Amino acid sequence: MQKHVDTTAYLRITPDAAITTKAHGGRAKCLQRLVRLDLPVPETLALPFDMVERIAAGQMPDTRAMLACLNGVGLVSVRPSSEDPDWGGPGAMLNIGMNQALHAELSRTLGVEAADQLYVRFIQAYAVHVARLDPEMFDSAKADGVLTPAEALRAYELETDEAFPQDPAVQLAEVLRSMARAWAGTSARLLRMARGAPADAGLGLVVQAMALGLGRPESGAGVIQFADPVTGEPQITGRYRSQAQGRDALTGEGALYLTRDPRGPSFEELCPEAYADLLRYGSLIRSRLREEMQIEFTIENNRLHVLDAVRIGRSARAALKIAVRLAEDGCIPKTEAVLRIPPRALTELLHRQVDPRGARDVAITGIAASPGGAVGRIVLSSSAAQASAAQGEPCILVRRETTPEDVRGMHVAAGVLTEKGGMTSHAAVIARGLGLPCVVGARGLRFVPRDRSVKTADGRVFREGDIITLDGSTGEVLAGAAQMLAPALDGAFRSLLSWADEVRDIGIRANADTPADAQTARMFEAEGIGLCRTEHMFFEEDRLTVMREMIFADKAEDRRAVLERLLPMQREDFTRLFSIMQGMPVCIRLFDPPLHEFLPSERDGMRELAEALALPLADVTARVDALSEFNPMLGMRGVRLGIVMPEIYDMQARAIFEATIEASRLGEPVVPEIMIPLVSARREVELVKSRIDAVAAEVRNAKRASFTYRLGVMVETPRAALRAGEIARHADFLSFGTNDLTQMTYGLSRDDAGRFMAAYVSQGVFGEDPFHQLDTEGVGELLKIGAERGRESKPDITVALCGEHGGNPESIGFCRAAGFDYVSCSPYRVPVARLAAAQLALLEPKNPR
């Protein structure tokens with residue numbers, strides 16, 4: 001025997017009913033708001049979360065009293081009402097209460113065909129969603145191709161050994177129980193948790209009197225919205241279908257356009273008064289509910305009923321456009337517009353995107369490592385990419401994995417696809433820095449070098465020169481050229497970020513290695529360059545040979561002679577950087593990588609180098625072997641190289657100072673920031689500082705010019721963080737390089753960690769990949785120690801973070817809390833960082849140090 005609970009647990013939705021999103025869900029609260037706006041919403045009851053939970057446990061309400069509360073209407077519907085619509089829920093059930101008696105009555109008033117349609121639809125929906133029967137059982141029950149109510153009832157009875165329930169109260173009770181238990185099921189719980197819902201998220205239900213949408217005069221159903229879901233531009237879209245229910249207008253044939261359209265009849269022409277009312281309701285909803293909503297409506301006997309209004313689904317570019325328009329129209333404050341856009345969603349706006357409305361022939365899937373879309377011909381080598389670019393043909397560079405030698409090809413490619421790698425692989429890191437769409441870890445991709453082709457997991461073959469589309473936002477590779485959307489760097493984008501800048505309280509700089517990077521940084525309004533990795537400048541073709549000559553020089557004076565040829569190149573680079581940044585701070589990291597990275601690793605490359613330098617192949621091979629290290633990451637690189645071969649840093653310092661004088665003469669005064677990499681001891685800083693000070697004095701005397709500069713340290717080793725107090729006495733700033741600091745703290749190679757990282761994360765060893773998201777506990781403690789000890793020794797020292805982590809909202813939150821002055825990230829992550837910093841300032845006001 002069923003238990004009954006207090007029927008007052010549910011509420012009729014009226015303007016003053018105690019309906020809340022936390023207790024009854026978002027749909028119930030939205031319906032109440034529509035009622036308050038005096039929209040023609042049918043009578044509706046709201047069942048709260050705790051009541052639905054009891055229903056799932058078998059404690060049923062008095063459904064007969066519920067129906068009486070709705071004034072004994074003929075048919076009702078039940079819809080889910082979760083706290084967040086994105087969490088989903090069971091599908092809506094319509095036409096509850098349909099039985100033999102009502103079928104007979106509707107046959108007289110609506111006609112047999114309409115009544116049969118209603119009854120059969122309800123029987124099938126009840127059988128599948130409530131009784132959990134196989135929908136295919138109705139296929140064999142049809143005698144003449146069209147299922148009749150009698151055939152549907154007979155099929156139900158044969159399958160269940162009981163008659164189809166005729167009591168509306170019983171029907172409603174079973175529907176409520178089915179929907180409540182579906183929400184409580186394991187599959188539904190896991191699905192909504194994947195969408196961000198807590199495991200114990202509640203479900204409300206709304207029971208609503210139905211407007212049928214059937215009969216004469218005009219009856220039907222439709223949906224209408226007032227913004228394009230892809231672009232966000234104002235646009236009336238939707239459909240209406242006569243003699244229909246629910247969202248039937250969106251499927252099947254016979255739907256009308258909403259507005260006048262030369263392609264066919266429209267709802268505006270058919271029902272001009274109802275159409276005008278919908279426009280008025282849409283404007284009212286937008287201004288009072290402060291959102292762009294899709295309205296679901298029904299016309300019954302020429303009378304308009306508003307059944308529901310839901311937030312329209314939207315792309316990232318549409319979400320931004322809508323939020324900005326709402327703020328500009330005074331519907332929401334600017335700060336709320338800033339808070340409405342997830343920072344990471346901005347990455348979709350910075351690049352071309354594959355149009356979601358177009359066809360997708362997915363050939364390869366992998367990891368979405370760098371967002372954006374690109375169309376181009378397949379090339380299988382860096383040199384082929386350069387040749388393709390020289391001919392003006394876009395290309396996609398496809399490699400097993402990339403190395404530093406591929407950087408030139410990546411610079412000119414439209415996108416990068418690799419068989420191996422993860423989010424922190426070489427290809428992924430460089431691509432994000434370049435703003436280049438990238439997919440890594442392509443599952444099942446196999447190279448066939450002999451045929452200059454690649455083979456996919458399902459056997460499809462793509463040859464060099466074939467056109468593919470790379471979707472770095474989804475990790476998919478499509479065959480052929482897909483439809484594309486242009487970047488959305490329009491007025492709305494700039495308005496939102498300008499509002500963000502008004503409230504954020506931490507600086508945002510960009511990592512920029514080339515003048516092109518600096519231009520991008522300026523375009524995204526970075527507040528300077530926080531990391532310029534000078535070694536990337538030496539990979540250009542005309543410089544690489546000179547660089548290799550320097551490496552093969554045996555004596556310091558020979559190296560100086562070669563470096564003299566590099567000096568004007570570096571000076572020109574820095575002059576262009578300073579000119580582009582127009583007086584903004586530019587932090588230049590001195591040479592960092594081990595020298596072997598500039599030498600070829602394969603036999604053919606060594607032979608070419610021997611020819612270029614007019615050296616015996618044996619000498620080239622011997623030098624490559626001599627420079628090889630067991631662990632290059634911990635070998636002779638960074639400041640160690642600068643101390644052993646000081647002429648390299650001398651040349652770079654001279655180039656920086658001469659460029660400073662030239663750029664200051666042509667434009668805004670420049671105060672360069674020079675950063676020493678991979679420091680672990682105070683004495684390293686003293687040695688390098690003394691030589692740089694000497695070079696500065698020489699340049700001042702030679703050029704008869706005055707300039708200032710700031711010298712700082714890149715904190716990348718745990719020891720540097722621990723000894724930051726004594727290091728800070730000789731530095732103007734400390735910039736934490738979290739890429740290498742994470743590697744050294746964990747004892748992990750970033751390039752090799754992908755082999756086991758997924759297993760570690762899935763088994764809870766690490767919460768996240770520490771190269772993808774800053775480890776605030778371990779690495780973060782070193783950051784705090786370094787910052788605190790540095791400031792204890794030198795209170796006015798600047799403290800910053802640079803590297804891949806700098807653009808992550810989580811890292812920015814940590815740095816704000818730790819009192820850092822700025823973060824620096826790749827140029828294409830600057831907008832994300834600006835927005836994230838603003839949201840943190842609004843949601844978590846920072847305590848003064």
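# Notebook: salt bridges, spaces and surface

**Entry 1: a salt bridge to start with.** I began with Asp-554, which forms a salt bridge with Arg-623, the closest N and O atoms lying 2.7 Å apart. This pair links distant parts of the chain: Asp-554 sits in the loop between helix H19 (541–552) and helix H20 (556–581), Arg-623 sits in helix H22 (residues 617–627), and they are 69 residues apart. I also looked up how open Asp-554 is, and it counts as exposed at 61% relative accessibility. A reminder to myself before going on: this is a predicted model.

**Entry 2: the chain as a whole.** Next I stepped back for an overview. The protein chain has 32 helices and 32 strands. Its C-alpha trace spans about 105 × 65 × 55 Å along the principal axes. Of its 849 residues, 55% count as buried.

**Entry 3: more salt bridges.** I went back to charged pairs, with a simple idea in mind: side chains of opposite charge can pair when their charged atoms come close. How many salt bridges does the count come to? I get 58. One of them joins the side chains of Arg-432 and Glu-804, at 2.9 Å from N to O. Arg-432 lies in helix H16 (residues 426–434), and Glu-804 lies in the loop between strand E31 (798–802) and helix H31 (809–817), so this pair ties together parts that are 372 residues apart in sequence. Are Arg-432 and Glu-804 buried or exposed? Both are buried.

I then checked Arg-589 and Asp-592, which form a salt bridge with their closest N and O atoms 3.8 Å apart. Arg-589 has a relative accessible area of 6%, and because buried means under 20%, Arg-589 is buried. Asp-592 counts as buried too, at 5% relative accessibility.

I also noted a network of salt bridges that links Arg-290, Glu-291, Arg-311, Arg-314, Glu-336 and Arg-340.

**Entry 4: cavities.** Now for the enclosed spaces. Rolling a probe the size of a water molecule over the atoms shows where empty space is left. I found three cavities of 30 Å³ or more in the structure.

The largest cavity holds about 60 Å³ of space. Its lining includes Ser-77, Arg-79, Gln-208, Met-210, Gln-245 and Thr-298. Which strands each supply at least two residues of that lining? They are E5 and strand E7 (203–209). Sorted by class, the lining of the largest cavity has five nonpolar, five polar and one charged residues.

The second largest cavity has a volume of about 50 Å³. I met two familiar names here: Arg-432 and Glu-804 are among the residues that line the second largest cavity, along with Met-423, Thr-424, Phe-771, His-772, Asn-808 and Arg-829. As noted above, the side chains of Arg-432 and Glu-804 meet in a salt bridge. By class, this lining has two nonpolar, three polar and three charged residues.

**Entry 5: the second largest pocket.** I turned to an open space next. About 1,300 Å³ lies in the second largest pocket. Its lining takes in 43 residues, and Arg-27, Pro-85, Ala-309, Val-310 and Arg-311 lie nearest its centre. Arg-311 also belongs to the salt-bridge network in Entry 3.

Which element gives the largest share of the lining of the second largest pocket? It is H2, with five residues. Among the elements that each supply at least two residues are helix H2 (26–36), helix H6 (112–129), strand E5 (76–82) and strand E11 (303–311). By class I count 15 nonpolar, eleven polar and 17 charged residues in this lining.

**Entry 6: backbone oddities.** I looked for unusual phi values, since most residues other than glycine have a negative phi. Arg-452 has a positive phi of about 50° although it is not a glycine. Arg-452 lies in the loop between strand E19 (446–448) and strand E20 (453–455), and it counts as partly exposed at 38% relative accessibility.

Glu-525 is another case, with a positive phi near 60°. Glu-525 is found in the loop between helix H18 (515–523) and strand E26 (529–533). At 39% relative accessibility, Glu-525 counts as partly exposed.

**Entry 7: a nonpolar patch.** Last, I looked at the surface. Phe-756, Tyr-760 and Val-765 form a nonpolar patch there, with about 250 Å² of accessible area together. Tyr-760 is in helix H29 (residues 754–762) and is partly exposed, with a relative accessible area of 34%.

Methods: Residues are numbered from 1 along each chain as its sequence is written. This is a predicted model: local features need pLDDT of at least 70, side-chain atom pairs count only at pLDDT 80 or more; totals for chains, interfaces and linings use all residues. Side-chain values use heavy atoms; hydrogens and water are left out. Patches are made of residues with over 30% relative accessible area and no salt bridge: like charges are joined within 9 Å, nonpolar side chains (Val, Leu, Ile, Met, Phe, Trp, Tyr) within 5 Å. Accessible areas come from the Shrake-Rupley method with a 1.4 Å probe; for residues, only the protein chains shown count as cover. A salt bridge is a side-chain nitrogen of Lys or Arg within 4 Å of a carboxyl oxygen of Asp or Glu. Helices (H or I, at least four residues) and strands (E, at least two) are DSSP runs, numbered from the N terminus. Buried means under 20% relative accessible area, exposed over 50%, partly exposed in between (1.4 Å probe, protein chains only). On a 1 Å grid over the protein atoms alone, a cavity is a set of points where a 1.4 Å probe fits but cannot get out, and a pocket is an open set with protein on both sides within 12 Å along at least five of seven lines; lining residues have an atom within 4 Å of a point. Grid points are joined across faces, edges and corners, and a volume is the space filled by probe spheres set on the points. Ala, Val, Leu, Ile, Met, Phe, Trp, Tyr, Cys and Pro count as nonpolar, Asp, Glu, Lys and Arg as charged, and the others, Gly among them, as polar.
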